[in-house]
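Colleague: I'd like a close look at the empty space in this model, please. Take me through what lines it, and then go on to what lies behind the parts that do the lining.

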Amino acid sequence: FLVVCPASLLANWEHEVRSRTTLPAHRIHGASRADALAAWERDGGIGLTTFEGLAHVPLDATEHAPDLARVGLLIIDEAQQVKNPRAARSKLAARWARSCARILLMSGTPMDNRLDDFLALVELLQPGLSASIPGHLGLVGPEAFRRAVAHVYLRRNQADVLVELPDVVASDDWVELGAPEERTYRAAVEAGNLMAMRQAAWHASGTTPTKLARLLEIVDEATDEGRSVLVFSYFRATLDLVATTLAARGLAVHGPLTGDVPVARRGELVDGFSADDASVLVSQISVGGTGLNLQAASVVVLCEPQLTPSLEDQAVARAHRMGQVRTVRVHRLLGSGGVDERIVEILAGKRAVFDGYVRVSSLAQAA
């Protein structure tokens, strides 16, 4: 068997394989990749590799005889990462899919922006199926669309299968930009720099930015209650500011967890955070927002709205998952009168499409 996943999830997969099966696990990654590959080919079991590492695993079956494939099951975790059919990693995944008798795509977010993203994944599972669905999906309607993909798509929502989970209480925390942040924002607008606009509320000279002031209130309240906190941002400068400020206040701060942190070190950061009481993990949302188990935290702060609903939902799901015993509080920090307002509107439109076409699967309903 072969599992393909982001590098940050290799350790998690290896731990779960060893704790739940008697099959050998081989991490085909890093300096010992060649030895692990040889052991996997010799002994069988479960090979674990990354999207980049998949290129180094020999594909020895022909696309016309998948039943003869050496790999009995290919699992692609966080499968939304192969949704772009023009990307090299997606083309390689498609070759593997055509060459394996069985393939399982796993994703909590099979659609980020458009239904075309979802259909690209459907195409990996059954080539030609997406072509049978009219290009103008409005002519099909949500129910007909769900029926068309029912035999390759099973979605289980948290509320359906984890009925013992506590609630999530989410709030949009709007703040007024102070004069220094307003000047920074206007300069970003004049420059036409969207990323600078999104960060403006965090950067002010000579005073505490309004979003940071609200974050400190949230963290103080949480730690007073003995709760641990996850702080997510897309931007490293924001994470550095948050981590430095919180550490200066004497709080137990872990991170920032970013893409520059080696995979082994990421596990150490998560373990250290989970072992601490009333601590804070500061993480880049694209790194810590998927795949990790962070249910030691029960407060989640999003420093700015993200560009896709799935990125926000996945980040919240790091805390709101099996093992959580406390109500999860989620705070999304928003600056009024600026680009945050427009992003929130766009997110609502994307979420409406997801809810109509992808949130429910006909297979799950029938079962």
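Modeller: Happy to! Searching the whole structure turns up two cavities of 30 Å³ or more. On a 1 Å grid over the protein atoms alone, a cavity is a set of points where a 1.4 Å probe fits but cannot get out, whereas a pocket is an open set with protein on both sides within 12 Å along at least five of seven lines; an atom within 4 Å of a point makes a residue part of the lining. Grid points are joined across faces, edges and corners, and a volume is the space filled by probe spheres set on the points.

Before the details, note that this is a predicted model, in which local features need pLDDT of at least 70 and side-chain atom pairs count only at pLDDT 80 or more, while totals for chains, interfaces and linings use all residues. Residues are numbered from 1 along each chain as its sequence is written, and side-chain values use heavy atoms, with hydrogens and water left out.

The largest cavity holds about 70 Å³ of space. Its lining is made up of Leu177, Tyr185, Met197, Arg198, Ala200, Ala201, Lys211, Gly335, Gly338, Val339 and Asp340. Two elements, α8 (194–199) and α14, each give two or more residues to that lining; helices (H or I, at least four residues) and strands (E, at least two) are DSSP runs, numbered from the N terminus. By class, the lining of the largest cavity has six nonpolar, two polar and three charged residues, with Ala, Val, Leu, Ile, Met, Phe, Trp, Tyr, Cys and Pro taken as nonpolar, Asp, Glu, Lys and Arg as charged, and the others, Gly among them, as polar.

Helix α14 (residues 339–357) is a good thread to follow from here. The side chains of its Arg351 and of Asp313 form a salt bridge, 3.0 Å from N to O; the term stands for a side-chain nitrogen of Lys or Arg within 4 Å of a carboxyl oxygen of Asp or Glu. Asp313 sits in helix α13, so this pair ties together parts that are 38 residues apart in sequence. Arg351 is partly exposed at 25% relative accessible area, and Asp313 is also partly exposed, at 33%. Here buried means under 20% relative accessible area, exposed over 50%, and partly exposed in between (1.4 Å probe, protein chains only).

Helix α13 leads on to an open space, the second largest pocket, with a volume of about 450 Å³. Of the 18 residues lining this pocket, Gln80, Gln81, Asp112, Ser286 and Leu311 are the closest to its centre. Both α12 and α13 supply at least two lining residues, and α13 gives the most, with three. The lining of this pocket divides into four nonpolar, 10 polar and four charged residues.

Behind the pocket, α12 and α13 also feed the largest nonpolar core. A core of this kind is a set of buried Ala, Val, Leu, Ile, Met, Phe, Trp, Tyr and Cys residues joined through side-chain atoms within 4.5 Å. This one has 30 residues, and Trp13, Leu48, Leu230, Phe232, Leu294 and Val300 touch the most other members. Among the elements that give two or more residues to the core are α1 (10–20), β3 (46–49), β7 (229–233), α12 (285–288) and α13 (309–317). Leu294, one of the best-connected members, touches Leu230, Val270, Phe273, Leu281, Gly288, Arg318, Ala319 and Arg321, leaving aside residues up to four places away in sequence; contact means heavy atoms within 4.5 Å. A second, separate core has 22 residues, including Ile28, Phe51, Leu54 and Val57.

Back to charge pairs: the structure holds 18 salt bridges. One of them joins Arg214 and Asp173, with the closest N and O atoms 3.0 Å apart. Arg214 lies in helix α9 (residues 210–224) and Asp173 in strand β6 (residues 168–175), so parts 41 residues apart in sequence are tied together. Asp173 is buried, at 9% relative accessible area, whereas Arg214 is partly exposed at 22%. Glu14, Arg18 and Arg27 are linked in a salt-bridge network.

Finally, two backbone details to check. The peptide bond from Gly255 to Pro256 is cis, with omega near 10°, and Pro256 is in strand β8 (residues 253–257). Glu78, which is not a glycine, has a positive phi of about 55°; it lies in the loop between β4 (74–77) and α3 (88–99) and is buried at 6% relative accessibility.
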